[in-house]
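Look at the sequence and the model together before reading on. The report below goes from the overall layout to single residues.

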Amino acid sequence: METIQEISEYQAAIQAKCPRCRTGAMFTGRAYRLKAQKMNEYCPHCQLKFEQRPGHFYVSMFVSYALSVAQMTIACLATYLTTGNDDSFWLYLTVATLAVILLAPLNFRYSRVILMYWLTPGIYYQPETAVPNAGHTPMVGKKKQPTQAI
């Protein structure tokens, strides 16, 4: 019998796992790659469609903006505490710009993760979807056909 260890909500979010099963990956590849990041359309494990409706991830731009502001504030505060210099506008502009550019791939990824985990109503962890069914093979790259009610 296969034992699956349940991971916490925060650990699953940090690893960018599906919010419903906490098993399937939301993204293909790593955050820092030369090729552009790509988000899976469906969870490879439980087939949850990540983009709930057209334009769903436009909201993640607001989350990304909040993350960027927090990162710039922390970077400038750390610069001030390190250097003690509060006269140089160009120093703080450079530090804030570098912080946003270097952390942009993480902002892209985690703004969507935050949106899916904590800001999208109706998506919650369902432990029964994490356990593989006997004879069940995930439909990677295939769309699940909708069932019709009779």
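What follows is a short description of a predicted model.

**Overall layout**

The protein is built from four helices and two strands. Their order along the sequence gives the pattern α-β-β-α-α-α. The protein has 150 residues, and 33% of them count as buried. About 10600 Å² of the protein is exposed, and carbon and sulfur atoms supply 62% of that area. Contacts between residues at least 6 apart in sequence can also be sorted by their separation: 66% of them join residues at least 24 apart.

**The nonpolar core**

In soluble globular proteins, nonpolar side chains tend to be buried together. In this model, the largest nonpolar core has 19 residues. Those that touch the most other members are Cys18, Met26, Cys43, Leu48, Phe50, Val113 and Met116. Both α1 and α3 (89-119) supply at least two residues of this core. Which helix gives the largest share of this core? That is α3, with four residues.

Met26 shows how a core member is surrounded. Neighbours within four places in sequence left aside, Met26 is in contact with Ala16, Lys17, Cys18 and Pro19, and also with Met39, Asn40 and Phe50. Arg112, Val113, Met116 and Tyr117 complete the list of contacts of Met26.

**Two loop residues**

Gly24 is found in the loop between α1 (9-14) and β1 (27-28). Is Gly24 buried or exposed? Gly24 counts as buried because its relative accessibility is 5%, and the limit for buried is under 20%. Residues up to four places away in sequence not counted, Gly24 touches Ala16, Lys17, Cys18, Cys43, Pro44 and His45. For His45, which is 21 residues away along the chain, the distance between its C-alpha atom and that of Gly24 is 4.9 Å.

Asn40 belongs to another loop, the one between β2 (38-39) and α2 (59-83). With a relative accessible area of 19%, Asn40 is buried, since buried means under 20%. A polar atom of the Asn40 side chain lies 2.8 Å from the backbone oxygen of Ala25. Apart from residues up to four places away in sequence, Asn40 touches Ala25, Met26, Phe27, Thr28 and Phe50.

**Aromatic rings**

A pair of aromatic rings is described by the distance of the centres and the angle of the planes. The model has four aromatic pairs. One of them joins Tyr117 and Trp118, whose ring centres are 5.5 Å apart; their planes are at 45°, so the pair is tilted. Tyr117 is buried, with 8% relative accessibility, whereas Trp118 is partly exposed, with a relative accessible area of 37%. Together with Tyr10, Tyr117 and Trp118 form one aromatic cluster.

Aromatic rings also take part in another arrangement, in which a charged side chain sits over a ring. The table lists two cases.

| Charged residue | Ring | Distance to ring centre |
|---|---|---|
| Arg22 | Tyr125 | 3.8 Å |
| Arg112 | Phe57 | 4.5 Å |

The charged end of Arg22 is the part that sits over the ring of Tyr125. Arg112, which lies over the face of Phe57, is also among the contacts of Met26.

**Connecting the parts**

Some residues appear in several of these descriptions. Met26 is one of the core residues that touch the most other members, and Met26 is also touched by Asn40. Tyr117, a member of the aromatic cluster, is in contact with Met26 as well.

Definitions and conventions. Residues numbered from 1 in each chain as written. Predicted model: local features only at pLDDT ≥ 70, side-chain atom pairs only at ≥ 80, totals over all residues. Heavy atoms only, no water. Buried < 20%, exposed > 50% of the residue type's maximum accessible area, 1.4 Å probe, protein only. Contact = heavy atoms within 4.5 Å. Polar contact = N/O pair within 3.5 Å; in protein donor to acceptor, adjacent residues only side chain to side chain. Phe/Tyr/Trp six-rings, centres within 6.5 Å; stacked < 30°, edge-to-face > 60°. Lys NZ or Arg CZ within 6 Å of the ring centre and 35° of its normal. Areas by Shrake-Rupley, 256 points an atom, 1.4 Å probe, with all protein chains shown as cover. Core = buried A, V, L, I, M, F, W, Y, C linked by side-chain atoms within 4.5 Å.
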